[in-house]
Amino acid sequence: MKTRITEMCGIRHPIIQGGMHFVGFAELAAAVSNAGGLGIITGLTQRTPADLANEIARCRDMTDKPFGVNLTFLPIVNAPDYPGYVQAIIDGGVKVVETAGNNPAKWLPLLKEHDIKVIHKCTTVRHALKAQSIGCDAVSVDGFECGGHPGEDDIPNMILLPRAAEELEIPFVASGGMADARSLVASLAMGAEGMNMGTRFIATQEAPVHENVKQAILAATELDTRLVMRPLRNTERVLTNAAVERLLAKERELGSEISFDDIKDEVAGVYPKVMLDGDMDAGAWSCGMVAGLIHDIPTVQELVDRIMRDAETLIRQRLTGLLDS
Ligand SMILES: Cc1cc2nc3c(=O)[nH]c(=O)nc-3n(C[C@H](O)[C@H](O)[C@H](O)COP(=O)(O)O)c2cc1C
């Protein structure tokens with residue numbers, strides 16, 4: 001399947017693996033790229049730019065296909081060494097960067113100078129248009145269903161994607177709630193040039209996370225995510241657990257008086273405990289509503305092959321068949 005995204009990224013299938021904290025290591029990124037999609041290493045999971053350089057080199061050892069790096073711009077005062085991370089990306093010969101969290105304008109000239117494509121992930125048409133106007137090559141449009149940070153506008157993909165298609169000239173991929181061939185075909189129908197998956201890729205053999213995480217996603221239904229940190233305007237969709245329910249109780253109790261300090265026990269330093277140690281109640285960790293559609297733990301290759309095979313059947317048989325009958 002050829003789309004503006006497969007052409008832009010030099011990949012076989014229009015499937016991208018979104019950056020995921022403490023999930024997007026070289027093992028997963030390489031597996032996705034080897035399967036014909038675009039794997040993405042999560043930049044900030046690497047403690048230093050030197051660690052990121054090493055992770056990029058490890059990924060290069062595992063695949064000769066293109067892969068990308070996610071750069072998340074965090075809303076914090078003590079910013080990570082972004083210039084160092086960008087340099088590691090350039091020196092590592094990475095050709096696609098997924099930016100998220102904030103406007104990447106500051107970094108675009110340098111990335112463009114090195115022929116690096118920038119896919120900015122955003123949750124509103126307004127932000128997508130901004131990304132287009134500053135020169136991003138594509139956007140990843142993340143609907144309200146998504147695991148992670150859905151923003152504050154709460155527009156689900158059934159509306160957000162066609163709205164993006166109405167307004168944008170640059171290509172976009174659908175993100176949030178994507179799990180299978182139905183997601184891909186529906187996204188294409190709504191004007192997207194491919195799809196970005198987060199949660200679905202965690203429940204794969206190659207995802208280098210604790211087995212407990214994969215089993216938690218398998219056990220979860222579409223009813224089991226919660227929105228936390230809404231009062232701080234830093235909303236995150238997470239899988240519910242004891243810590244999340246405690247956090248939500250604090251939010252109800254403290255109302256608009258709440259500050260980050262009040263909830264830091266439930267949100268700070270959680271990812272390594274969950275993803276590496278399998279301590280599922282350690283705190284709040286991102287997970288999409290799409291967990292309700294995840295029923296197995298295939299290899300990445302099996303997952304991607306199944307999506308592309310079923311998409312072909314959906315298009316050639318079900319959709320064309322509706323017209324022919
Ligand atoms: C565990 C987890 C960690 C994530 N970490 C990041 C991150 O560090 N940076 C980022 O831009 N997006 C992050 N995301 C969001 C994903 O890249 C992607 O946009 C989202 O998962 C799409 O929604 P889905 O889970 O319904 O597929 C994370 C998502 C999950 C599930």
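Colleague: Where does Asp115 lie?

Modeller: Start from the elements, which are DSSP runs numbered from the N terminus (helices are H or I, at least four residues; strands are E, at least two). Asp115 sits in the loop between α5 (108-113) and β5. Residue numbers start from 1 along each chain, following the sequence as written. This is a predicted model, in which local features need pLDDT of at least 70 and side-chain atom pairs count only at pLDDT 80 or more, while totals for chains, interfaces and linings use all residues.

Colleague: What is the phi of Asp115?

Modeller: Most residues other than glycine have a negative phi. Asp115 is not a glycine, yet its phi is positive, about 60 degrees. Asp154, another residue other than glycine, also has a positive phi, near 60 degrees. Asp154 is placed in the loop between β6 and α7 (157-167). A glycine case is Gly36, just after α2, with a positive phi of about 105 degrees.

Colleague: Is Asp115 buried or exposed?

Modeller: The test counts other C-beta atoms, placed from the backbone, within 10 Å of a residue's own: 20 or more is buried, 12 or fewer is exposed, and anything in between is partly exposed. Asp115 has 8 such atoms, so Asp115 is exposed. Asp154 has 13 and is therefore partly exposed. Phe260, found in helix α12 (residues 260-267), counts as exposed because it has 12 C-beta neighbours inside 10 Å. The C-alpha atom of Phe260 is separated by 8.6 Å from that of Met229, 31 residues away along the chain.

Colleague: What share of the chain do buried residues make up?

Modeller: Of the 325 residues in the chain, 48% are buried. Helix α2 (residues 26-34) is mostly covered, with 7 of its 9 residues buried. Those residues are Ala26, Leu28, Ala29, Ala30, Ala31, Val32 and Ser33.

Colleague: What do the buried residues of α2 pack against?

Modeller: Packing is read from contacts, that is, pairs of residues whose C-beta atoms, placed from the backbone, lie within 7 Å. The buried residues of α2 pack against the strands β1 (15-17), β2 (39-42) and β3 (67-72), and against the helices α3 (49-62), α9 (199-202) and α14 (300-324). For the whole chain, among contacts with a separation of 6 or more, 63% join residues 24 or more positions apart.

Colleague: In what order do the strands of the open sheet stand?

Modeller: Strands of a sheet pair through backbone hydrogen bonds, either parallel or antiparallel. Here a pair needs at least two bridges found by DSSP. The open sheet has 8 strands in the order β1-β8-β7-β6-β5-β4-β3-β2, with parallel pairing. β1 and β2 are at the edges with a single partner strand each, so each has one side without a neighbour in the sheet. Ignoring direction, neighbouring strands are turned by 30 degrees against each other on average, where axes are lines fitted to C-alpha atoms, for helices over the stretch in contact, and angles between N-to-C directions run from 0 to 180 degrees.

Colleague: How many bridges join β4 to β5?

Modeller: Strand β4 (residues 96-100) runs parallel to β5 and is joined to it by 4 bridges. In this pair, Glu98 stands opposite Ile119 in β5. On to the next neighbour: β5 (residues 117-122) pairs with β6 in the parallel sense over 4 bridges, and the partner of Ile119 in β6 is Ala138. Strand β7 (residues 172-175) is joined to β8 by 2 bridges, also in parallel. There, Ser175 is opposite Asn196 in β8.

Colleague: Why is β5 described as largely enclosed?

Modeller: 6 of the 6 residues of β5 are buried, so the rest of the structure largely encloses it. Lys117, Ile119 and Lys121 point one way, and Val118, His120 and Cys122 the other. Strand β6 (residues 138-142) is largely enclosed too, because 5 of its 5 residues are buried. Its two faces hold Ala138, Ser140 and Asp142 on one side and Val139 and Val141 on the other.

Colleague: Which residues come nearest to the ligand?

Modeller: A residue counts as near if its C-beta atom, placed from the backbone, lies within 6 Å of the molecule. Of the 29 residues around the ligand, the nearest are Gly18, Ala100, Gly147, Gly198 and Gly288. At least two residues of this shell come from each of β3, β8 (195-197) and α9.

How values were computed
Two residues are in contact if their C-beta atoms, placed from the backbone, lie within 7 Å.
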